[in-house]
Structures are given as C-alpha cells and as structure tokens.
Amino acid sequence: MELYYLLAFFFLYGVLGWCVEVAYAAVKQGKFVNRGFLNGPICPIYGVGVVSVIYCLGEVKGNVAALYAASVVLVTVIEGITGFVMDRLFHHKWWDYSGQPLNIGGYVCLVFSLIWGVFCVFIVKIFQPVVKGAVIHIPLAVGVVILVVCTVLIIADLYVTAETVLKLNKRLEAMDRIAAELHELSDKMGEGIYENVKEGMAREERIKSRVEHVKEAGKELRVEYDAEMRARYEAMKARKEELVSRYEKMVKERGAAGERLIQAFPGMESRKYREALHELKEHIRAIRK
C-alpha cells in the first residue's frame with residue numbers, strides 16, 4: 001500500500017506541477033506551451049520533489065520553521081542533482097539560473113529555492129491531507145489500473161523523449177560540423193585571394209625586368225596560373241554554397257518534438273553545440289511570431 005500511495009502522489013503532483021508550469025508560461029508568453037520535459041502532461045521532478053518532502057520530512061512537519069528550512073534544502077538538492085544529471089546525459093542545461101543571484105552552476109538558485117520552500121509547507125500542512133483523503137476514497141482496483149496505465153505511459157514517454165533528444169543532438173552536431181567547415185573554407189578562400197594577388201604582383205615585377213620575348217612567355221604563364229587559381233576558387237565557392245544550403249535546410253527542417261523541447265525550455269543551453277542551438281532558437285522564434 002505504501003508503494004500504491006507513493007505512485008499515486010507522484011503522478012498527482014507531477015500533473016499538478018505541469019499545470020503550474022503551463023500556467024506560468026501562459027502568463028509570461030501569452031500562449032500555451034507544453035513546459036514538461038516529457039510529451040505527456042506531467043513534470044516528474046515535481047512528483048519526485050513533493051513525494052520526497054512528504055515521506056522524508058514527516059517528523060518535522062509539526063514545526064513550521066524546521067519544515068520550511070528542511071524543504072528548501074531538500075528541493076534544492078533534488079533540483080540540482082536532476083539538472084546536473086540531465087546536463088551530463090543529454091549535453092544540455094535545460095534550465096539556467098545563471099542570471100539569478102546566489103545560484104550554483106545555474107542549476108539552482110536561492111530565490112526559487114525559498115519559493116519552493118513556501119509551496120512545500122503549504123502542501124504538507126494544508127493540501128496533502130485533502131489529497132490523501134481523496135486518494136483513499138478511490139476504489140483500490142480502479143486506482144491500481146490507473147497507476148499501471150500511467151506507469152506504462154510514462155515509461156514509453158521517457159523512451160520517446162530520450163530518442164527525440166538524441167535526434168536533436170545529432171541535428172545540432174551536423175549543423176556544428178557544417179559551420180566549422182564553412183569557417184575553414186572561408187579562411188581558405190580569403191587566403192587564396194591574398195596569395196593570388198601577392199603572387200600576381202610578384203610575377204608582374206619579375207616579368208617587367210626581363211626582355212620582350214621572356215616577357216611574353218611570362219604572360220602565358222601568368223594566364224595559366226590565373227586560370228588555375230580561378231578554378232580552385234570557383235570549386236571552393238561552389239562547396240561553400242552547397243554547405244550554406246545544407247545548413248539552412250537543417251535549420252528550417254521541421255521537427256515537432258525537438259521544437260517542443262526548445263519551446264518548453266527557452267533558457268536551455270548546449271555545452272557542445274551552443275551556436276547551432278542558438279540558430280535553431282532564433283528560427284523557431286521567427287516562425288512562431
């Protein structure tokens with residue numbers, strides 16, 4: 001029965017947390033945004049956080065000050081560990097408090113931890129008794145069926161979301177490789193133009209100092225040299241245009257799941273593909289206006 005209630009509270013508070021995030025986004029952005037990491041209407045971190053507070057801090061719930069302080073510490077640890085692990089697994093910082101005072105690695109910050117503490121006290125002292133009473137009145141057989149279905153759905157959702165993030169990372173990696181090659185190609189084209197001009201000027205000076213028949217031969221050599229350099233330049237130019245076309249196509253490529261994650265976490269930062277992710281964010285903002 002303990003497992004039954006634990007799962008029931010986890011799913012209930014996960015869904016309520018998703019509702020809070022959606023409401024917050026609606027007020028801030030003026031539109032609906034699925035703010036969860038998963039596709040379904042649930043934020044697991046809320047379920048884990050509240051269940052942890054309920055089951056770990058039961059002994060201090062009689063003392064409001066102790067409950068508040070312990071809640072602040074516990075939810076901060078949970079949020080910090082979750083953010084760090086997700087960053088290391090998927091190479092993205094899904095939320096970033098770096099702009100907030102007294103933050104730790106951008107994963108947690110004092111202001112939000114203090115706010116979560118207030119919510120935890122409210123939940124433990126006022127809201128949880130009501131929730132528990134409602135769960136108790138659900139027929140056990142019905143409750144078990146609901147929990148089994150929800151567990152299967154969240155496992156499937158986790159798999160689909162993880163696969164989506166991996167596809168997004170591959171897309172960003174490909175964009176990053178193309179951008180690097182474009183940068184290298186641009187440098188080569190610039191160097192080629194400089195060397196061509198420099199070599200041409202040097203040849204012209206040498207030709208001027210020779211007799212007429214050698215001068216004519218030098219002109220022929222110069223024509224051959226210029227033709228060779230022009231061919232190399234045109235080849236690099238064509239390659240650059242091809243890369244630019246591929247890059248723009250990747251930026252504009254529609255991937256609903258990847259776009260949903262970027263919209264759900266507007267503060268998301270990538271440790272490995274920062275510039276590519278920035279390009280995608282700008283494109284999504286432009287088409288969503």
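Buried means under 20% relative accessible area, exposed over 50%, and partly exposed in between, with a 1.4 Å probe and protein chains only. By that scale D87 counts as buried, at 1% relative accessibility.

The model is predicted, so local features need pLDDT of at least 70 and side-chain atom pairs count only at pLDDT 80 or more, while totals for chains, interfaces and linings use all residues. Residues are numbered from 1 along each chain as its sequence is written, and side-chain values use heavy atoms, with hydrogens and water left out.

## Overall architecture

The chain has 8 helices and 4 strands. Helices (H or I, at least four residues) and strands (E, at least two) are DSSP runs, numbered from the N terminus. In sequence order the pattern is α-α-α-β-β-β-α-α-α-α-β-α. The chain has 289 residues, of which 36% count as buried. About 17,300 Å² of the chain is exposed, and carbon and sulfur atoms supply 65% of that area. Accessible areas come from the Shrake-Rupley method with a 1.4 Å probe, and for residues only the protein chains shown count as cover.

A contact means heavy atoms within 4.5 Å. Among the contacts in the chain with a separation of 6 or more, 71% are between residues 24 or more positions apart.

## Nonpolar cores

In soluble globular proteins, nonpolar side chains tend to be buried together. A nonpolar core is here a set of buried Ala, Val, Leu, Ile, Met, Phe, Trp, Tyr and Cys residues joined through side-chain atoms within 4.5 Å. The largest such core has 32 residues, and F9, Y13, F37, W94 and V135 touch the most other members. Two or more residues come from each of α1 (2-29), α2 (44-56), α3, α4 (110-136), α5 (140-208) and α8 (274-288). The largest contribution to this core, 7 residues, is from α1. There is also a second, separate core of 7 residues, including L57, C120, V121 and V124.

## Residues of helix α2

Y46 lies in helix α2 and is buried, with a relative accessible area of 19%. Leaving aside neighbours within four places in sequence, Y46 is in contact with Y13, G14, G17, E21 and W116. V51 also lies in helix α2, and is buried at a relative accessible area of 9%. With neighbours within four places in sequence again left aside, V51 is in contact with L6, F9 and F10.

The table lists pairs of residues with their separation in sequence and their C-alpha to C-alpha distance.

| Pair | Separation in sequence | C-alpha to C-alpha distance |
|---|---|---|
| Y46 and V15 | 31 residues | 8.3 Å |
| V51 and A8 | 43 residues | 9.7 Å |
| H183 and K240 | 57 residues | 9.4 Å |

H183, from the last row, lies in helix α5 and is exposed, with a relative accessible area of 54%.

## Cysteines

A disulfide is a pair of cysteine sulfur atoms within 2.5 Å. A search of the whole structure finds 0 disulfides. C19 is in no disulfide, the nearest cysteine sulfur being that of C43, 9.0 Å away. From the side of C43, the closest cysteine sulfur is the one in C19, and 9.0 Å is too far for a bond. C19 is partly exposed, with a relative accessible area of 38%, whereas C43 counts as buried at 6% relative accessibility.

## Helix α3: salt bridge and surface patch

Side chains of opposite charge can pair when their charged atoms come close. A salt bridge is a side-chain nitrogen of Lys or Arg within 4 Å of a carboxyl oxygen of Asp or Glu, and the structure holds 1. This salt bridge joins R88 and D87, with the closest N and O atoms 3.3 Å apart. R88 counts as partly exposed at 42% relative accessibility, while D87 is the buried partner at 1%.

V73, V77, I81, F84, V85 and L89 make a nonpolar surface patch of about 540 Å². Patches are made of residues with over 30% relative accessible area and no salt bridge; like charges are joined within 9 Å, and nonpolar side chains (Val, Leu, Ile, Met, Phe, Trp, Tyr) within 5 Å. L89 is found in helix α3 (residues 64-90) and is exposed, with a relative accessible area of 56%.

## A loop residue with positive phi

L102 sits in the loop between β1 (92-93) and β2 (103-104). L102 is not a glycine, yet has a positive phi of about 55°. L102 is exposed, with a relative accessible area of 65%.
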